[in-house]
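Biologist: Hi! Could you walk me through this one?

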Amino acid sequence: MQSHHGPYHDADRGSKMRLPLELNPLKFAESRKEEVCQMLRNMSSTMHQRKLMHQSLPNHMRRRAMSYDARRLPRKFRHVHKAQFSKSGVSEKKKRPSRKFRRKPKNLLKEYERRKRTFVWMETHVWHAKRFHMTSRWGYKIPLTPCNKSYRSSYKATTKHCLLYDMSYEGCVEVSGEEPVLREGFRRLCSDRLGLTVTAKAYMAGQRAGYVWLYEDGAYPYNCLGRVRIVWRSSRSIDDEDDAQRRTVWMFAHPSFYRQLVEQLVKVFKLKNALRKTNDTLEDITRNPADIRCPRYRSKSSGVEVVELKDTLNRFHLTGPLSHATIVKTFRLFDPPEQTSPTDRTWFNDFIESTPKGKKILTHQANYWADIKDLTSPGEISPGEVIALIVQDPRLNRPNYRTKALPGVPARYDFTEGVPPETIKPRAIRSYSPLWDGPTRKRITEEMKTTHELNRLRKVETLVPGELCVSDTRLQPLPILLLQTPGSQDAGYKRLGYGAGWDVIVPGGYGLAVWHSLVIWGAKAVGQQELNMIALESGHDRSGVPDTLLGRDEAAHKHQQSLDRYFKRPNNKRVNYTKLAIASPFRCPWSQLVREWNGGSKDDGPEQRPYFVVRDLETLAQLRLALDRKFNIQSIDLSPDALIPVLLTLKTRGNPGDNAIICLPNRSDFRSNKQNRLSSMHGPVYVEPVRKDPHGTERLALRAQHLRTLKRLRNRRIREKKRLQRAKPGVLVRIPKANNRALVEEQLKRMADLWLPATPATVRNQCTRECFGYMTQGGFSLSEGTVNGIGYVTAKGLVKLFKICTKGKLKLLVRGTRTRGYRFATMRIAC
């Protein structure tokens with residue numbers, strides 16, 4: 001290193017000095033070695049440092065969250081940082097396990113099993129939980145509504161495409177016994193005045209499935225249990241000629257009355273628990289431990305046996321014109337191989353060997369399915385048709401991406417060449433299926449290969465992607481039952497066939513596999529809300545019938561939900577229903593309404609005047625004729641306790657919503673309606689005057705008193721704490737929390753009763769127009785373009801309406817719970 005040639009003035013010496021002309025780098029570094037080492041020792045030492053390691057770094061090396069995350073520091077300083085924090089007593093923050101670790105199958109399955117203890121999960125629960133809002137109802141986790149918009153798309157699916165819903169939560173009850181004994185027992189649970197009963201000839205042959213209303217033993221028309229879906233086993237005993245008189249029927253019941261149905265069957269047929277010793281009480285006989293999957297009840301004298309098949313069958317409901325094409329594409333008929341090795345035997349081989357006419361049965365079923373698979377809509381098939389099929393595993397017949405299943409155009413729709421005559425085939429064979437056999441169902445479930453196992457085998461055996469491997473050809477076939485659901489039969493109200501579809505019944509274990517196949521072939525999955533919308537479009541009340549157990553349970557559930565939502569709002573944001581003259585905004589008090597129309601007083605108990613919904617076909621037919629002015633309503637034998645189901649259609653604008661009141665009109669209302677029509681006005685025909693709230697002042701005084709009481713109790717606790725603090729200076733004094741729970745609950749109860757009385761003073765005369773019914777469900781109908789609703793009216797109120805409307809169509813007034821305006825609506829008798 002060269003230096004300056006001239007002299008250099010040194011201030012310390014006070015004279016000039018000459019620097020050397022050369023500098024040796026090695027000697028210079030050796031002389032500075034101790035100074036560099038000491039500097040590094042000082043930097044790495046934690047003694048006599050005012051800053052932590054992450055605070056000592058230059059700005060360009062600092063990172064966010066460096067104080068508690070050592071990985072943000074350079075590697076050579078991390079051990080110093082950890083040593084500093086260990087001495088300071090600050091615990092190291094543990095990192096939350098990654099999502100990949102938390103969702104490992106062993107941990108995930110354990111978590112699923114833990115969560116299943118409270119509510120039963122359907123086989124499609126995980127699929128629904130990722131895409132739907134779930135709700136807990138009747139002991140099950142049920143999909144409520146999709147996370148995306150689905151109202152209009154669900155309606156379009158029922159009119160042009162295919163709609164899919166999982167109804168596996170409805171439990172199945174198997175009843176078997178001698179035909180005369182079953183006829184006598186079911187006669188006590190239903191009535192032939194409602195139409196076809198459980199033991200109707202059209203059902204018992206096993207060719208058709210249907211819906212039947214069931215009641216408690218000998219209680220018709222009161223104490224209705226609900227509506228069940230029934231299907232009989234084929235009447236022709238193919239596999240056992242000696243047991244031809246023993247019949248079997250499946251009954252699919254809603255979980256809200258499933259237990260009551262089992263108890264009524266045990267009571268009617270005098271059954272005992274076949275799996276354990278019990279007392280003679282009905283509750284003890286039907287009580288079973290959790291480890292019994294399928295409880296059995298048997299009578300040694302009559303030979304009747306009842307088996308609970310709850311949660312062992314999957315039932316999927318398809319609606320829409322493309323539902324038939326979706327099933328055709330999803331299920332491909334099983335073609336048995338000519339020879340099967342002993343290692344590849346399945347339940348199908350044992351079924352063919354044990355059934356003498358097994359191959360003949362499969363041939364008849366395949367030929368019939370080939371004849372009808374090209375139909376464009378399920379409404380073209382006979383109502384309630386039952387078809388049994390043995391199909392391939394649905395996982396073998398899936399497209400690579402979601403595809404809409406479309407029907408072909410067969411020669412049957414080419415009318416230029418004439419219609420070929422339809423050949424008659426034995427119909428009893430169509431519904432014969434090994435699915436009825438319990439051991440076969442259990443074997444199918446146990447021998448099913450999971451999708452994970454199937455994918456592992458495909459990974460090893462498949463040479464060409466997309467081609468079937470050896471394991472695919474060895475999969476066991478799947479028996480299914482198809483139950484046709486009839487659509488609209490009244491062209492005057494709804495176009496024919498609207499709502500027609502299929503119910504697909506598959507054994508347990510195959511629910512998710514079949515569901516995936518149906519969805520990938522274009523079916524739109526929906527929840528409870530969409531199903532209620534479709535019921536409103538069809539004009540059928542599926543969950544709000546007031547005299548059934550399901551209707552009462554749903555009404556109580558919605559009432560509690562509405563009350564909670566109402567009282568969560570502040571006082572100035574609540575609707576004051578007293579001023580609107582609405583006695584019960586969140587539920588329909590049917591007992592009080594029927595009692596008041598029958599001359600009863602408020603002091604009478606609500607159970608002294610029971611009510612029921614009219615389902616007698618003859619009475620409903622006479623009421624339809626009376627609405628057309630072709631029959632005298634006075635000649636109809638209507639019980640004073642009867643509620644008549646009606647379908648309402650609003651004539652002007654407005655959507656009253658659920659729980660709207662149905663009132664009798666006055667003469668002035670008809671004149672006002674005529675003036676509105678002439679002047680093209682769409683407002684209400686009458687506006688209810690605002691009422692005074694008699695409890696408003698009392699609520700204010702009660703609230704002020706409650707606040708004063710809470711403040712006084714709080715001041716008392718503060719004084720007590722200060723007194724204890726003075727007695728123990730320097731010690732932190734803690735006093736117990738305030739025990740005001742009972743006081744607050746009593747205040748909430750009193751305020752709720754002042755806002756909405758639990759028992760209204762009157763229902764019939766709650767407003768200036770006389771109330772004689774309620775609209776339980778209402779909304780805009782996309783198929784009709786009007787606001788429609790399903791409601792129920794009292795018998796005496798309907799008779800009085802006929803006296804008011806002496807000519808023309810009957811009109812009544814409807815008013816929503818959040819408005820004071822009455823609007824006219826027309827009515828027709830619901831089916």
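Modeller: Happy to. Let's start with one pair: Gly 177 has Arg 247, in β9, as its bridge partner. This is a predicted model, where local features need pLDDT of at least 70, side-chain atom pairs count only at pLDDT 80 or more, and totals for chains, interfaces and linings use all residues. Residues are numbered from 1 along each chain as its sequence is written, and side-chain values use heavy atoms, with hydrogens and water left out.

Biologist: Cool. How many bridges join β6 to β9?

Modeller: There are 8, between β6 (residues 171-178) and β9 (residues 246-253), and the two strands run antiparallel. Strands are DSSP E runs of at least two residues, helices H or I runs of at least four, numbered from the N terminus. Two strands pair if DSSP finds at least two bridges between them.

Biologist: And what order do the 7 strands of the open sheet follow?

Modeller: β7-β8-β9-β6-β12-β11-β10, with antiparallel pairing. At the edges are β7 (209-215) and β10 (272-273), each pairing on one side only.

Biologist: Zooming out, how many helices and strands are in the chain?

Modeller: 27 helices and 25 strands. The chain is more spread out than a compact globule, because its radius of gyration is 38 Å, well over the 28 Å that the globule rule gives for 831 residues. That radius is taken over C-alpha atoms, and the rule is 2.2 Å times the number of residues to the power 0.38.

Biologist: What box do the C-alpha atoms fill?

Modeller: Roughly 140 × 90 × 65 Å, along the principal axes.
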